[in-house]
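New to this one? Take a look at the model below, and then we'll walk through a few of its features together.

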Amino acid sequence: MCRPGRHGLRHGFRALISAQLLALPLAACGEPEPMRIDHVWVRLPAVPGRPAAAYFDLHAGPAPQTLVAVSADIALRSEMHESKSESGVMTMAAIPRVTIPAKTTIRFEPGGRHAMLFGIDPGYKPGGKTMLTFTFAGGTRMTANAPVIAAGDPAPKD
Ligand SMILES: [Cu+2]
């Protein structure tokens, strides 16, 4: 149960002190959800030698996060990009960082933000996994294993 005790009020503490006492059990038992990354996957290019793209959902925890890089162990180099439709033409631009407010989720998904993965071995075959490393401002890193699918495959569900 996450209900604070009420003894602080009963003993007639001043309102300010009571409020502080009441806040303590809430903070202790709220167990804020930590940051997590899921629905991670990589789609290989239709034409070998072209870049692949990585997608994922990033759920910020109790604090805002700023993602500054996403790298993959199958790629020499990567960039975060945002796709946009401008007068019917899809273009994409590099985004150096993405800030995720506390307790919100941002999605990297086809047609939107993605991590572009350059320099993949043209002989690399789909069906395996690659480890993605997510780097945040301040140097925190998280990793996740991403299934690697072929260009024409549907996005994995999870
Ligand atoms: Cu791109």
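## Met-92 and Met-116

Let's start with Met-92, which counts as partly exposed because its relative accessibility is 43%. Keep in mind as you look around that this is a predicted model. Met-116 is another story: its relative accessibility is 10%, so Met-116 counts as buried. The cut-off behind that call is that buried means under 20% relative accessible area.

## The copper site

What do these two methionines have to do with the copper ion? Both coordinate the copper ion through their SD atoms, alongside His-81 (ND1) and His-114 (NE2), at 2.1 to 2.2 Å. The angles among the four donor atoms run from 96 to 121 degrees, and the site is tetrahedral. Four donors count that way if all angles lie between 85 and 135 degrees.

If you want to find the donor residues in the sequence, look for the spacing H-x10-M-x21-H-x1-M. Met-92 sits in strand β5 (residues 89–94) and Met-116 in strand β8 (residues 113–118), so this pair ties together parts of the chain that are 24 residues apart in sequence.

## Aromatic pairs

Now for the rings. A pair of aromatic rings is described by how far apart the centres are and by the angle of the planes. In this model the count comes to three aromatic pairs. Take Trp-41 and Tyr-55: their ring centres are 4.5 Å apart with the planes at 35 degrees, so this pair is tilted. Trp-41 belongs to strand β1 (residues 36–43) and Tyr-55 to strand β2 (residues 52–59), so to speak two distant parts of the chain, linked across 14 residues. Trp-41 and Tyr-55 are both buried.

Phe-56 and Phe-108 make a stacked pair, with 4.2 Å from centre to centre and 20 degrees between the planes. Phe-56 is in strand β2 and Phe-108 in strand β7 (residues 105–108), so the pair ties together parts that are 52 residues apart in sequence. Are these two rings buried or exposed? Phe-56 counts as buried because its relative accessibility is 0%, and Phe-108, at 2%, counts as buried too.

## A cluster, and a charge over a ring

Phe-56 and Phe-108 have company: ring pairs link them with Phe-134 into a cluster.

One last thing to look for is Arg-77, which lies over the face of Phe-118, at 4.2 Å from the ring centre.

Notes: Residues numbered from 1 in each chain as written. Predicted model: local features only at pLDDT ≥ 70, side-chain atom pairs only at ≥ 80, totals over all residues. Heavy atoms only, no water. Donors = N, O, S within 2.8 Å, 3.2 Å for Na, K, Ca; no water. Tetrahedral: all angles 85-135°; square planar, octahedral: opposite > 155°, others 65-115°. Helix = DSSP H or I, 4+ residues; strand = E, 2+ residues; numbered from the N terminus. Buried < 20%, exposed > 50% of the residue type's maximum accessible area, 1.4 Å probe, protein only. Phe/Tyr/Trp six-rings, centres within 6.5 Å; stacked < 30°, edge-to-face > 60°. Lys NZ or Arg CZ within 6 Å of the ring centre and 35° of its normal.
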